[in-house]
Every structure is written in structure tokens, then in C-alpha cells.
Amino acid sequence: MRCACPRCGRGRLFRGYLDVAERCDVCGLDLAKVDSGDGPAVFLIFILGFLVVPVALWVSMTVEWPLWLHAVVWSVVVIGLTLGMLRPAKAYVIALQYRYRRSELE
């Protein structure tokens, strides 16, 4: 969750927002081979859909907002949560990859 190197836990995992660093600054682990694919985005789609849709339905049944306001509010909520959780989700998938496929990465 700290977005750190999966081997040493101290080096930076990302060089940008979602760009994985070529290698760890501290332990020298080659991170160029790591590929999380679309896994983190798909997990977030399912998790946020499971969490946000019931809340949106509950709000729409209790509050009389116009439809355009619902569209704006829930779009901002989903995009904000997605952007906030995407980097830790990608780091988690990379850490799981390192834990269970260590021989391929080292």
C-alpha cells in the first residue's frame, strides 16, 4: 500500500503516477519485467461498483435531485475514488506477482 519495492520495501515502485520504475533504487530489483496488466482497473470496477451503486440508489430514493446532478456527483465520486485507489491497487498486484512468481522476476 506504500507503493514501495516488493523486495526491500524501501525503494520507489513508481517513477510517475502509474509508470513502474525500471529498477529499485535501494536493492536493485529489476522492475522492468513486472506487468500488472488490466487487473487493478478491473478489480476497482467491481469493488467500486459494489460500493458506490447501492449508495447512489439509496441517495436517489431519499433525495429529489435532478438527473443531471446525479450524473455529475456520481461521476466525480467514481473518478475520484478510481484515481485515488488505482496506484495502490497496481502496487498490490505487483507485490502479489513478486510473492508468487519470484523466480520469474529475479
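Trainee: Let's start with arginine 12: what is its relative accessible area?

Mentor: Happy to, and keep in mind that this is a predicted model. Arginine 12 counts as partly exposed because the class lies between 20% and 50%, and the value for arginine 12 is 47%.

Trainee: Which residue does arginine 12 meet in a salt bridge?

Mentor: Side chains of opposite charge can pair when their charged atoms come close. Here the N to O distance is 3.5 Å. The two residues are 13 apart, each in the segment before α1. The partner is exposed, with a relative accessible area of 56%, and the residue that arginine 12 meets is aspartate 25.

Trainee: The structure holds two salt bridges, so which residue pairs with arginine 15?

Mentor: In that pair, the closest N and O atoms are 3.7 Å apart. The partner is partly exposed, at 47% relative accessible area. It is glutamate 22.

Trainee: How many disulfides does the structure hold, and why is cysteine 5 not bonded to cysteine 27?

Mentor: A disulfide needs two cysteine sulfur atoms within 2.5 Å. The sulfur of cysteine 5 is 3.6 Å from that of cysteine 27, its closest cysteine sulfur, so the two are too far for a bond. Cysteine 8 is in no disulfide either, since the nearest cysteine sulfur, in cysteine 24, is 3.7 Å away. The number of disulfides is zero.

Trainee: Is cysteine 5 buried or exposed?

Mentor: Buried means under 20% relative accessible area. Cysteine 8, at 23%, counts as partly exposed. Cysteine 5 has a value of 3%, so cysteine 5 is buried.

Trainee: Which helix gives the largest share of the nonpolar surface patch?

Mentor: The patch covers about 590 Å² and is made by Phe43, Ile47, Phe50, Leu51, Leu81 and Met85. Both α1 (39–62) and α2 give two or more residues to the patch. Isoleucine 47, in helix α1, is partly exposed at 41%. The largest share, four residues, comes from α1.

Trainee: Where is histidine 70, and is histidine 70 buried or exposed?

Mentor: Histidine 70 lies in helix α2 (residues 67–100). Beyond its neighbours within four places in sequence, histidine 70 is in contact with Val59, Ser60, Val63, Trp65 and Ser75. Its relative accessible area is 11%, so histidine 70 is buried.

Trainee: How many residues are in the largest nonpolar core?

Mentor: Among the members touching the most others are Leu13, Val20, Leu31 and Ile94. Leucine 31 touches residues including Leu13 and Val20. The number of residues in this core is 13.

Notes:
Residues are numbered from 1 along each chain as its sequence is written. This is a predicted model: local features need pLDDT of at least 70, side-chain atom pairs count only at pLDDT 80 or more; totals for chains, interfaces and linings use all residues. Side-chain values use heavy atoms; hydrogens and water are left out. Buried means under 20% relative accessible area, exposed over 50%, partly exposed in between (1.4 Å probe, protein chains only). Contact means heavy atoms within 4.5 Å. Patches are made of residues with over 30% relative accessible area and no salt bridge: like charges are joined within 9 Å, nonpolar side chains (Val, Leu, Ile, Met, Phe, Trp, Tyr) within 5 Å. Accessible areas come from the Shrake-Rupley method with a 1.4 Å probe; for residues, only the protein chains shown count as cover. A salt bridge is a side-chain nitrogen of Lys or Arg within 4 Å of a carboxyl oxygen of Asp or Glu. A nonpolar core is a set of buried Ala, Val, Leu, Ile, Met, Phe, Trp, Tyr and Cys residues joined through side-chain atoms within 4.5 Å.
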